[in-house]
Amino acid sequence: MRGSHTEQVQFVESHLCVKIIDHYERWPDFVEIFERRNLVAHGNLVVNRTYVERCCKAQCKDISLGDIGSTLSLKKKYLHDSVDILSEFGILLVFVLWLKHIKGSDEAAFEEINRVCDYFTRSKRPLLASRLLDFALHKQKRSCSDLIFRRMILNLANSCK
């Protein structure tokens, strides 16, 4: 697979029968991270037309043709936020595929995402935990026991606190 990251995700969508791009709220951020990575690897962080066009197509905010030629940065906060977005994307992808393609294991999928979120909250990454739990609790069909559901609600409250 040599295409853009968007083309790679479209490939996954078509071959595994899932919708990702239309349902992942931080899709523009996801695209921007990989386009910025390309600028780091191939262009000394200098904004080029490809970066702007791909980011605009993904509906990234605050990016325009006027940015071409400017130099981006890689500040600590940007890098930490990027790691959380990429982690969130990967975990949610695995979670959705697990629910869709491993029949009869929904309980285990919900239990595992809850365990991972508890770990993130304890590791001082509560925003990541709350985003994952919000998705599992509110954007998926509830297919777990009441006990796991209640534990997830408690973990969500802890991550928001």
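## Salt bridges and surface of an all-helix chain

K77 is exposed, with a relative accessible area of 59%. That clears the cut-off, because a residue counts as exposed when its relative accessible area is over 50%. The residue is part of a predicted model, and its side chain has a charged partner. K77 and D81 meet in a salt bridge, with 2.8 Å from N to O. Both residues sit in helix α4, four residues apart, so about one helical turn separates them. D81 is partly exposed, at 33% relative accessibility.

**The chain as a whole**

The chain has seven helices and zero strands. Read from the N terminus, its elements run α-α-α-α-α-α-α. Its C-alpha atoms fill a box of roughly 55 × 35 × 20 Å along the principal axes. The chain has 161 residues, and 37% of them count as buried. Contacts also reach across the sequence. Take those between residues at least 6 apart: 56% of them join residues at least 24 apart.

The accessible surface comes to about 10100 Å². Carbon and sulfur atoms account for 55% of that surface. As for charge, the chain carries 25 positive and 20 negative charges. The mean positions of the two sets are 3 Å apart.

**Salt bridges**

How many salt bridges does a search of the whole structure find? It finds 14. Three of the pairs are set out here, with their N to O distances.

| Pair | Distance, N to O | Place |
|---|---|---|
| D81 and K77 | 2.8 Å | helix α4 |
| E53 and R49 | 3.8 Å | helix α3 (residues 49–57) |
| E88 and R131 | 3.8 Å | E88 in helix α4, R131 in helix α6 |

E53 and R49 lie within one helix. They are four residues apart in helix α3, so about one helical turn lies between them. E53 counts as partly exposed at 43% relative accessibility. R49 is partly exposed too, with a relative accessible area of 46%.

The third pair bridges two helices. The side chains of E88 and R131 meet in a salt bridge of 3.8 Å, N to O. E88 belongs to helix α4 and R131 to helix α6, so the pair ties together parts that are 43 residues apart in sequence. Is E88 buried or exposed? E88 is buried, at 1% relative accessibility. The cut-off for that class is under 20%. R131, its partner in the bridge, is partly exposed at 25%.

This pair also belongs to a wider group. E25, R26, E88, R131, D134 and K139 are linked in a network of salt bridges.

**A nonpolar patch**

Which residues form a nonpolar patch on the surface? They are V40, L74 and L79. Together they have about 220 Å² of accessible area. L79 lies in helix α4, which spans residues 76–101. L79 counts as partly exposed, at 40% relative accessibility.

**P126 and helix α6**

P126 is found in helix α6, which covers residues 126–138. Its relative accessible area is 31%, so P126 is partly exposed. Leaving aside residues up to four places away in sequence, P126 touches F120 and S159. Q59 makes a useful reference point for distance. P126 and Q59 are 67 residues apart in sequence, and their C-alpha atoms are 26 Å apart in space.

Methods
Residues numbered from 1 in each chain as written. Predicted model: local features only at pLDDT ≥ 70, side-chain atom pairs only at ≥ 80, totals over all residues. Heavy atoms only, no water. Patch = residues over 30% accessible without salt bridge, like charges linked within 9 Å, V, L, I, M, F, W, Y side chains within 5 Å. Areas by Shrake-Rupley, 256 points an atom, 1.4 Å probe, with all protein chains shown as cover. Salt bridge = Lys/Arg side-chain N within 4 Å of Asp/Glu carboxyl O. Helix = DSSP H or I, 4+ residues; strand = E, 2+ residues; numbered from the N terminus. Buried < 20%, exposed > 50% of the residue type's maximum accessible area, 1.4 Å probe, protein only. Contact = heavy atoms within 4.5 Å. Lys, Arg positive; Asp, Glu negative; His and termini not counted. Charge placed at Lys NZ, Arg CZ, Asp CG, Glu CD.
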